[in-house]
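Here are my comments on the model you sent, set out as numbered points. I begin with a few local features and then move outward to the sheets and the overall form.

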Amino acid sequence: MSRFGIQAAAATRDLGIYKDLAPGNIDYDAKAKAYVLGQSFRPVFTFPPERVLSWLTQSFGDGEPGPLKACVPSEYPWRLDQPDLAVLAHVTRAIHQEYPLNIEYHSISSGRTERVIVPFALIDNGLRWHVRAFDRKSQEFRDFVITRIKRPERLKSDAKEQAIAAHERSDQDIQWTRIVELELVPHPDQPHPEITEMDYAMQDGMIRMKLRAAMAGYVLRKWSVDCSPDHSLHGPEYRLWLKDHLAIYGVKNAMLAPGYRAPDAQRQQHSELS
């Protein structure tokens with residue numbers, strides 16, 4: 001009643017409906033005059049852990065935009081990147097309604113440029129939010145950092161330029177449609193591999209994951225996975241090792257993966273040493 005601002009009658013009705021939907025999940029304690037968790041409790045809904053943790057720590061999921069106290073005391077890393085909501089709104093509307101977006105983009109290599117992009121997905125790389133889009137300037141699919149986008153607006157031009165061409169759609173993005181299968185194991189040079197298995201809930205001493213090629217480099221960098229073929233990276237942060245470094249051969253952002261060297265670069269290195 002206190003958390004959701006409802007009256008006793010509404011609370012009683014809701015709890016009664018819940019008892020009908022999930023018998024045994026809650027019991028009424030007459031002495032305490034309160035509902036308590038039932039001994040045979042089984043969740044009605046299945047939620048991913050990250051959603052539950054967000055709800056517990058930040059009160060997401062209560063359906064209210066106002067400030068609500070977190071359910072449990074907690075601390076979590078503060079994100080330094082905070083996308084402008086007006087920019088984000090333009091980007092997400094373009095994704096949802098499928099139209100090109102005219103933007104001013106600022107990059108370290110090219111500085112300020114005017115571009116027309118065809119966005120189709122958001123990407124969280126663990127540090128920054130990107131939008132995956134076809135870039136009409138370079139004629140390539142690329143990731144654009146949302147905080148570097150300024151003055152976005154719907155393309156104001158003729159119908160032909162406003163239309164999305166077949167080659168600009170996500171199903172033509174090889175790095176997006178390609179699925180790579182990665183096997184991560186405890187780093188061979190780190191002690192106590194059994195603890196690493198516990199920390200990452202490994203099955204049979206391994207994490208098997210399938211993800212888009214466009215995400216592979218980001219994920220491997222975020223988790224400091226040693227991607228060298230001979231597990232040559234040392235340091236306490238490298239608790240995981242990519243068992244087969246060839247699994248990310250041809251992945252465009254593989255250069256972000258710690259220790260990864262393309263087979264061509266490895267052959268060149270061996271040739272120079274010999």
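1. Gln139 sits in the loop that connects S5 with strand S6 (140-145), and in this predicted model the residue adopts a positive phi of about 60° although it is not a glycine. Gln139 is partly exposed, its relative accessible area being 47%. A second residue of this kind is Ser224, which is other than glycine and has a positive phi near 50°; Ser224 belongs to the loop between H7 and S10. I would ask readers to look at both residues with these backbone values in view.

2. Which residue shares a polar contact with the side chain of Arg132? The partner is Asp143, and the contact between the two side chains is 2.8 Å. Arg132 itself lies in strand S5 and is buried, because its relative accessible area of 6% falls under the 20% limit used for that term. When neighbours within four places in sequence are left aside, the residues in contact with Arg132 include Val118, Pro119, Phe120, Ala121 and Ile123, as well as Phe141, Arg142 and Asp143. Also among its contacts are Asp173, Gln175, Trp176 and Ala214.

3. Strand S5 is part of an open sheet of 5 strands, in which the order is S6-S5-S4-S3-S7 and the pairing is antiparallel. S6 and strand S7 (149-154) occupy the edges, and each has a single partner strand, so one side of each is left without a neighbour in the sheet. On average, neighbouring strands of this sheet are turned by 45° against each other when direction is ignored.

4. Two helices pack on this sheet. Helix H3 (residues 85-97) touches S3, S4, S5 and S7, and its direction makes about 65° with that of S4. H7 also packs on the sheet, where it touches S4, S5 and S6, with a direction at about 90° to that of S4.

5. The pairing of S4 with the strands on either side of it can be followed residue by residue. Strand S3 (residues 101-107) and strand S4 (residues 111-124) run antiparallel and are joined by 7 bridges, with Asn102 standing opposite Val116 in S4; the two strands form a hairpin with 3 residues between them. S4 also pairs with strand S5 (residues 129-135), in the antiparallel sense and over 7 bridges, and here Leu122 stands opposite Val131 in S5. S4 and S5 likewise form a hairpin, with 4 residues between them, and Gly126 in its turn has a positive phi of about 95°.

6. How are the strands of the other open sheet, the one that contains S8, ordered? Its 4 strands follow the order S9-S8-S11-S10, and the pairing is mixed. Strand S9 (207-212) and strand S10 (225-226) stand at the edges with a single partner strand each, so one side of each is left without a neighbour in the sheet. Strand S8 (residues 179-186) is joined to S9 by 6 bridges, the two running antiparallel, and Val180 stands opposite Leu211 in S9.

7. Helix H7 (residues 213-222) deserves a separate comment, for it lies across S8, S9 and S10 and runs at about 130° to S9. H7 also touches S4, S5 and S6, and a description of the model should therefore mention H7 with both sets of strands.

8. As to the whole chain, the protein has 8 helices and 11 strands. Its radius of gyration is 25 Å, whereas a compact globule of 274 residues would have one near 19 Å, and the C-alpha trace spans about 80 × 60 × 30 Å along the principal axes. Buried residues make up 33% of the 274 residues. Of the contacts in the protein with a separation of 6 or more, 54% are between residues 24 or more positions apart. The exposed surface comes to about 18000 Å², of which carbon and sulfur atoms supply 56%.

Key
Residues are numbered from 1 along each chain as its sequence is written. This is a predicted model: local features need pLDDT of at least 70, side-chain atom pairs count only at pLDDT 80 or more; totals for chains, interfaces and linings use all residues. Side-chain values use heavy atoms; hydrogens and water are left out. Two strands pair if DSSP finds at least two bridges between them. Contact means heavy atoms within 4.5 Å. Axes are lines fitted to C-alpha atoms, for helices over the stretch in contact, and angles run from 0 to 180 degrees between N-to-C directions. The radius of gyration is taken over C-alpha atoms; the globule rule is 2.2 Å times the number of residues to the power 0.38. Buried means under 20% relative accessible area, exposed over 50%, partly exposed in between (1.4 Å probe, protein chains only). Accessible areas come from the Shrake-Rupley method with a 1.4 Å probe; for residues, only the protein chains shown count as cover. A polar contact is a pair of N or O atoms within 3.5 Å; within protein, one must be able to donate a hydrogen and the other to accept it, and residues adjacent in sequence count only if both atoms are side-chain atoms.
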